[in-house]
Amino acid sequence: MSETMIWPSFRYDDAHAAIRFLIDAFGFERVAVYESGDRVDHAELRWPLGGGVMLGSAAREDSSIAGLPPGTGSVYVVTDDVDGLFERACAAGAPVVREPSDEPYGRGFTVRDPEGVFWSFGTYAGSGS
């Protein structure tokens, strides 16, 4: 396999709300959501440019990441529309950590989701690209 795929995983106290937020604020695409009542056992959200994230409810104690506190973590996502995505995230209520700025490696910004996960988006796609 020549392409490496990385799928960060997160736990949320309200996984259903997190799914809605990630779709509305950032444009992730819902691929799969497996539920048991109000609990999300596993959800897969894809990023339009490749890869994605997995998440579930903190109430699921048999998860391989059960020791990870809900709402923690940080992820960087490549986008070709930094400013448009920043506006979309702000319109959805994402708290701003760092406004869009230009760095030697590209343009980007950082916001948080409602449970506190840091989401950075930028044009930097790795030194090999």
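**Exercises on two open sheets**

Arg-11 stands opposite Gly-56 in β4, where strands (E, at least two residues) and helices (H or I, at least four) are DSSP runs numbered from the N terminus. The model is a predicted one, in which local features need pLDDT of at least 70 and side-chain atom pairs count only at pLDDT 80 or more, whereas totals for chains, interfaces and linings use all residues. Residues are numbered from 1 along each chain as its sequence is written, and side-chain values use heavy atoms, with hydrogens and water left out.

**Exercise 1.** Determine in which sense β1 and β4 pair, and place both strands in their sheet.

*Solution.* Begin with the pair itself: β1 and β4 (residues 52-57) run parallel over four bridges, and strands count as paired if DSSP finds at least two bridges between them. Next, read the order of the open, four-stranded sheet, which is β1-β4-β3-β2 with mixed pairing. Its edge strands are β1 (9-12) and β2 (29-36), each pairing on one side only. Finally, add helix α1 (residues 15-26), which packs on this sheet and touches β1, β2, β3 (39-46) and β4, contact being heavy atoms within 4.5 Å.

**Exercise 2.** Explain why one side of β5 and of β6 has no neighbour in the sheet.

*Solution.* First, the order of this open sheet of four strands is β5-β8-β7-β6, with mixed pairing. Then, because β5 (74-78) and β6 (96-103) stand at the edges with a single partner strand each, one side of each is left without a neighbour in the sheet.

**Exercise 3.** Describe how β7 is joined to β8.

*Solution.* Strands β7 (residues 106-112) and β8 (residues 118-122) run antiparallel and are joined by five bridges; within this pairing, Val-111 stands opposite Trp-119 in β8.

Technical notes:
Axes are lines fitted to C-alpha atoms, for helices over the stretch in contact, and angles run from 0 to 180 degrees between N-to-C directions.
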